[in-house]
Amino acid sequence: RSLLTVKNMASLLDMRRRIKSVKNTQQITKAMKMVAAAKLKRAQDNVTAARPFAVKMGEVLGNLSSNIGSEFSSPLLNERGDEKYLIVLVSADKGLCGGFNANIMKATQNFLKENSGKQAEMVPVGRKGRDFFRRREMTFVEEYLGLTGSGRVELSDAVEIAQRITKIFVEDESIDKVFLVFTEFKSVISQQV
């Protein structure tokens with residue numbers, strides 16, 4: 001009889017330990033959710049704040065390029081052929097972001113299929129895009145990794161990438177067009193490629 005009591009006590013202690021363990025895991029999970037929600041809110045606010053600037057900048061550049069007279073010349077505005085493309089693919093460095101990476105890879109693959117007669121090279125910004133297209137034997141001109149993993153992309157990073165892509169386009173006259181593949185934030189569950 002006392003042996004049964006000892007076994008019951010041991011299983012009761014095991015159950016209490018397990019309950020405590022589950023409660024600790026729940027607390028950790030709750031804290032992680034709160035941190036993720038705060039990061040998401042901060043990222044949403046940054047995107048929303050930058051949107052008017054990006055829209056206005058697009059309008060200004062569109063007006064500028066259409067109103068340039070013949071006295072102005074720039075290698076960025078010269079007509080080129082339609083044979084060789086440089087694709088700048090902006091993806092995440094990490095996973096676990098819903099369909100974000102999958103959607104952007106799918107859109108890029110569709111673009112490449114639609115332009116299968118063209119020669120294409122790539123500048124991946126983000127580890128997921130690089131890894132995906134490395135397995136498909138895409139030629140990379142450059143790659144930028146580790147920028148999006150911290151959750152905060154700095155303007156200086158974007159300027160560096162833009163300057164490097166501009167330099168590649170100007171120096172390599174065999175590149176006819178540069179395409180940027182990225183997503184526009186619509187809502188938490190919707191990003192338009």
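Q: Where in this predicted model is Lys84 found, going by its strand?
A: Let's start with the strand that covers residues 84-90, which is strand 1. Lys84 is part of that run, so its home is strand 1.

Q: Is Lys84 buried or exposed?
A: Anything under 20% relative accessible area counts as buried. Lys84 comes in at 9% relative accessibility, so the verdict is buried.

Q: In what order do the 3 strands of the open sheet stand?
A: The pairing here is parallel. Strand 2 (119-125) and strand 3 (177-181) each have a single partner strand, so they stand at the edges. That fits the order 2-1-3.

Q: Which residue in strand 3 is the bridge partner of Ile87?
A: Strand 1 and strand 3 pair in the parallel sense over 5 bridges. For Ile87, the partner in strand 3 is Phe179.

Q: Are the rings of Tyr85 and Phe111 stacked, tilted or edge-to-face?
A: Planes under 30 degrees apart would count as stacked and over 60 as edge-to-face. These two have centres 6.0 Å apart and planes at 35 degrees, so the pair is tilted.

Q: How many residues apart in sequence are the parts that Tyr85 and Phe111 tie together?
A: Helix 2 (residues 100-114) packs on the sheet and touches strand 1. Tyr85 lies in strand 1 and Phe111 in helix 2, so the pair links parts whose separation in sequence is 26 residues.

Q: Which Arg lies over the face of Phe132?
A: Phe132 is buried, and it forms an edge-to-face pair with Phe133. At 3.6 Å from the ring centre of Phe132 lies Arg136.

Technical notes
Residues numbered from 1 in each chain as written. Predicted model: local features only at pLDDT ≥ 70, side-chain atom pairs only at ≥ 80, totals over all residues. Heavy atoms only, no water. Pairing = 2+ DSSP bridges. Helix = DSSP H or I, 4+ residues; strand = E, 2+ residues; numbered from the N terminus. Contact = heavy atoms within 4.5 Å. Axes fitted to C-alpha atoms, helices over the stretch in contact; angles between N-to-C directions. Buried < 20%, exposed > 50% of the residue type's maximum accessible area, 1.4 Å probe, protein only. Phe/Tyr/Trp six-rings, centres within 6.5 Å; stacked < 30°, edge-to-face > 60°. Lys NZ or Arg CZ within 6 Å of the ring centre and 35° of its normal.
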